[in-house]
Amino acid sequence: MKETYKSYFLYFLILVYVSGSIGFVMNPAFFSPFTPYTLLLTCLVFLIHTPLADKNFIIAFFSIALLGFIIEVIGVKTGLIFGKYSYGDGLGIKLLEVPLIISINWAMLICAGIRIVSSIFANKITVLAVAALLVTLIDLLIEQVAPKLDFWQFESGLPGIHNYLGWIGVAFFISYFFYPILIKSNRTVSLIILILQIIFFTSLFIFI
């Protein structure tokens, strides 16, 4: 795909997030059903800016998504990894009680986080640890609005500390073996997507 068209997709994504942030504040009931489609568009924009000709990158990305999905299913069914929680209908189509888009979005955030952190630190373990912490902090932010948007709900109302420790561990270990491949993604696009999601969920936390 030509670089010009890639840029158009990125500009459109930014517009979607800006308008969505305003729309959610004004009428969350109307804009909430568009959430899974927005996340899918985000992943699409991320992927078209990565080396798609490198089959290893595509395999790594969807392997992380699949592993994340399996871990989510185990988490929902047992409550052992993240605590007892269940998904609502706010994230779209579910399989085995887990929204399909959630694992794809987490794979994207992990890949983007690793790419950004790898430009700051050189040591692999440091990059994986800091990126895992970054992704978990984004999860912490989303947790604040998840019940209101019918994303997911913990049985006790609030997630325990083991939820965040679980996500740090999961993000670290499922990306460990893919590290040399994941750092090939686009740094600028990775940074923009992380910033968009942080700003979006921060605005929802403040205003809804």
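In which helix does Ser118 lie? Ser118 belongs to helix α5, and we will come back to that helix after a look at the whole chain. What you have in front of you is a predicted model, in which local features need pLDDT of at least 70 and side-chain atom pairs count only at pLDDT 80 or more, while totals for chains, interfaces and linings use all residues. Residues are numbered from 1 along each chain as its sequence is written, and side-chain values use heavy atoms, with hydrogens and water left out.

Let us start with the overall fold. The protein chain has nine helices and four strands, where helices (H or I, at least four residues) and strands (E, at least two) are DSSP runs numbered from the N terminus. Following the sequence, their order is α-α-α-α-β-β-β-α-α-β-α-α-α. With a radius of gyration of 16 Å, close to the 17 Å that the globule rule gives for 208 residues, the protein chain is as compact as a globular protein of that length. Here the radius is taken over C-alpha atoms, and the rule is 2.2 Å times the number of residues to the power 0.38. Along the principal axes, the C-alpha atoms fill a box of roughly 40 × 35 × 30 Å.

Contacts, meaning heavy atoms within 4.5 Å, often span long stretches of sequence: of those in the protein chain between residues at least 6 apart, 75% join residues at least 24 apart. The protein chain exposes about 10,200 Å², with 73% of that supplied by carbon and sulfur atoms; accessible areas come from the Shrake-Rupley method with a 1.4 Å probe, and for residues only the protein chains shown count as cover. Buried residues make up 50% of the 208 in the protein chain. Buried stands for under 20% relative accessible area, exposed for over 50%, and partly exposed for what lies in between (1.4 Å probe, protein chains only).

Now to the interior. In soluble globular proteins, nonpolar side chains tend to be buried together. The largest nonpolar core of this model has 67 residues, and Phe46 and Trp152 touch the most other members. Such a core is a set of buried Ala, Val, Leu, Ile, Met, Phe, Trp, Tyr and Cys residues joined through side-chain atoms within 4.5 Å. Beyond its neighbours within four places in sequence, Trp152 is in contact with ten residues you can look up one by one: Ser86, Tyr87, Gly88, Leu91, Ile102, Asp139, Ile142, Glu143, Ala146 and Pro147.

Which helix gives this core its largest share? Helix α5 (residues 100-118) does, with twelve residues. The 19 residues of α5 reach 28 Å from the first C-alpha to the last, close to the 27 Å expected at 1.5 Å a residue; the expected span is 1.5 Å times one less than the number of residues. Because 17 of its 19 residues are buried, α5 is largely enclosed by the rest of the structure. Ser118 counts as buried at 19% relative accessibility, and leaving out residues up to four places away in sequence, Ser118 touches Val127, Tyr179 and Ile183.

Helix α1 (residues 3-26) has 24 residues and reaches 35 Å from its first C-alpha to its last, close to the 34 Å expected. Among its buried residues are Leu10, Leu13, Val16, Tyr17 and Phe24. The buried residues of α1 pack against α2 (28-31), α3 (35-48) and α9.

Toward the end of the chain, Asn186 sits in the loop between α8 (179-182) and α9 (187-207) and is partly exposed, with a relative accessible area of 27%. Its side chain reaches the backbone nitrogen of Val189 at 2.9 Å. Apart from residues up to four places away in sequence, Asn186 touches His49, Thr50 and Arg115. Leu191, in helix α9, is partly exposed at 33%. The C-alpha atoms of Leu191 and Ala112 are 7.0 Å from each other, although 79 residues separate them along the chain.

Finally, a word on backbone angles. Most residues other than glycine have a negative phi. Glu97, in the loop between β2 (94-95) and β3 (98-99), has a positive phi of about 75°. Asp150, in the loop between α6 (124-143) and β4 (152-154), has a positive phi of about 60°.

How values were computed:
Polar contact = N/O pair within 3.5 Å; in protein donor to acceptor, adjacent residues only side chain to side chain.
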